[in-house]
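Dear colleague,

I am passing on the structure we spoke about, and I would be glad if you could look through it alongside the notes that follow.

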Amino acid sequence: MTTLVTTVTETLRYRGKIGQWSWVLHRVSGLGTLLFLILHVIDTSWAAFAPDLYAEAIDQYQSPLFTIGEFILIACVVYHAYNGLRIILFDYKPEWWKHQQRAANIVFATTAITLIPVFAIMLNHVLEFYEDDPELASFSSIVEMQSKFLLGFIAIIVAALVLSALYGVISRSRSGFNLPSRAEATLWSFMRLSGVLILPLVFGHLAMMHVIQGVFDITGAGIQVVGTDIVNESGHAVEFVGARWNMLLAGVAIWRVYDGLLLALVVLHGFNGLRYVVNDYAHPPLVNRALNWAIVFGAVALIVVGAWALLAGVDETAYEIAEDIVLH
Ligand code: HEM
Ligand code: HEM
């Protein structure tokens, strides 16, 4: 906790030092994207397991609150990706260190250059949606759904703290969660490799969901679903996901394979990044162990849920359930 306070106060004190701001922004953007990812993988799995809840989740994604969040999310992903590339480049080219300052400025500039046209296109999608005076998800329904996620996070952390305390009593262990140094070195390399692999996958996913089509097209009746030759006849969100996951190219369900790769890489990268942050701030062994266990549990659970949904797919029954849902 003291370390966290020091980080905040020192960052403010060294105002203007670009390297410090880059470090903070990289951390905050990575954590912000991870928070979204956790909700997003659970939401998406509902397309397969609970079509009514998926319809409700997408309805909330189309509300003004989430639209603001969508712009922030895109900014986080783009900045984190470019800054991640900068970190990787300098790790392998230490002789370029003298150019750090200029590189950090280039990252800010390329982020801005990317975001200006992307935001303009996204804004256009938003304005087109509001032209039809749509009915929007209420604030109370958003609070109700999101507070269940919050309760879930709290329950996992409390359970991990209790287990860690019990473990401490039984084993008399006074150490936190430590990995062998070889494993740490492998994870360090994995963060770099996965970052490079994630970049085209995430940018491709975001281009399809925010630029080529918008979040609002997920419920567009009669619209051809992005990346497929299938039309979303009903305009239900589950039919959109069904079309994507059922699209075959040379007999291969390409978007399921794509989503599976994206899922594995971003979850492992994001949760290992979260582990670095936890280990920087949570030093007492009981808390450190508990949070690390919660991270391992969270990563495994998310991969299982996401992969299960991809394997189960979305079938006609889900479309029929979606037909009967009346929102608002
Ligand atoms: C508001 C922004 C986003 C929207 C509207 C969106 C939309 C979707 C949709 C409709 C699907 C269902 C399958 C498909 O069409 O491919 C999906 C799946 C997925 N998305 Fe996104 N996406 C967004 C942002 C992101 C970001 C930033 C990431 C990564 C950090 C991401 C990672 C994934 C993954 C891993 C899956 C597969 C989930 C599973 O296996 O159940 N998405 N997304
Ligand atoms: C788009 C391509 C991406 C690239 C090139 C990239 C690159 C990197 C790099 C190089 C690091 C530093 C690792 C270290 O200190 O050893 C990192 C950290 C991190 N990344 Fe990513 N990343 C990407 C996407 C993502 C996504 C989608 C998420 C969220 C799901 C994420 C979450 C994190 C977190 C939480 C950290 C830890 C931050 C810290 O220690 O301060 N990254 N990333």
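**Helix packing and ligand shells**

Helices α6 and α10 pass each other in a right-handed crossing. Please keep in mind throughout that this is a predicted model. The axes of helix α6, which covers residues 139-171, and of α10 lie 8 Å apart and make an angle of about 130°, and the two helices are therefore oblique to each other. On the α6 side the contact involves I156, I157, A160, L161, L163, S164, A165, Y167 and G168, which meet L286, R289, A290, L291, W293, A294, F297 and G298 of α10. Sorted by class, this contact of α6 with α10 comprises 13 nonpolar, 3 polar and 1 charged residues.

As for the overall architecture, the protein chain holds 11 helices and 2 strands, and its elements, read from the N terminus on, follow the order α-α-α-α-α-α-α-β-β-α-α-α-α. Its C-alpha atoms fill a box of roughly 55 × 55 × 45 Å along the principal axes. The radius of gyration of the protein chain is 21 Å, which agrees with the value near 20 Å that a compact globule of 328 residues would have.

A second helix pair that you may wish to inspect is α4 with α5, where α5 spans residues 100-131 and the two axes come within 9 Å, crossing at roughly 150°. Because angles over 145 degrees count as roughly antiparallel, α4 is described as roughly antiparallel to α5. The crossing of α4 and α5 is right-handed. The residues of this contact divide into 15 nonpolar, 6 polar and 1 charged; among those that α4 brings are F71, Y79, R86 and F90, while α5 brings, among others, Q100, L115, F119 and M122.

The third pair is α7 with α9, whose axes are 9 Å apart and pack at an angle of about 135°; that makes α7 oblique to α9. Here the crossing is left-handed. From α7 the contact includes L187, M191, S194, G195 and H205, and from α9 it includes Y258, L261, H269, N272 and G273. By class, the contact of α7 with α9 has 12 nonpolar and 6 polar residues, with no charged residues.

Turning to the ligands, which residues are the closest to ligand 1? They are T44, R244, D259, L263 and G306, within a shell of 25 residues that surround this ligand. Two or more residues of that shell come from each of α2, α4, α7, α8 (237-246), α9 and α10 (285-312), and α2 gives the most, with 6 residues. The shell around ligand 1 has 16 nonpolar, 6 polar and 3 charged residues.

Ligand 2 is surrounded by 27 residues, of which G30, G84, G195, G270 and G273 are the closest. At least two residues of its shell are supplied by each of α2 (18-49), α4 (64-92), α7 (181-212) and α9 (254-281). The shell around ligand 2 divides into 16 nonpolar, 9 polar and 2 charged residues. When you look at this site, please note that G195 and G273, listed with the closest residues to ligand 2, also take part in the contact between α7 and α9.

With best regards

Conventions:
Residues numbered from 1 in each chain as written. Chains lettered and ligands numbered in written order. Predicted model: local features only at pLDDT ≥ 70, side-chain atom pairs only at ≥ 80, totals over all residues. Near = placed C-beta within 6 Å. Helix = DSSP H or I, 4+ residues; strand = E, 2+ residues; numbered from the N terminus. Nonpolar A, V, L, I, M, F, W, Y, C, P; charged D, E, K, R; others polar. Axes fitted to C-alpha atoms, helices over the stretch in contact; angles between N-to-C directions. Parallel < 35°, antiparallel > 145°, perpendicular 65-115°, else oblique. Left-handed = near helix turned anticlockwise from the far one by under 90°. Contact = placed C-beta atoms within 7 Å. Rg over C-alpha atoms; globule rule 2.2 N^0.38 Å.
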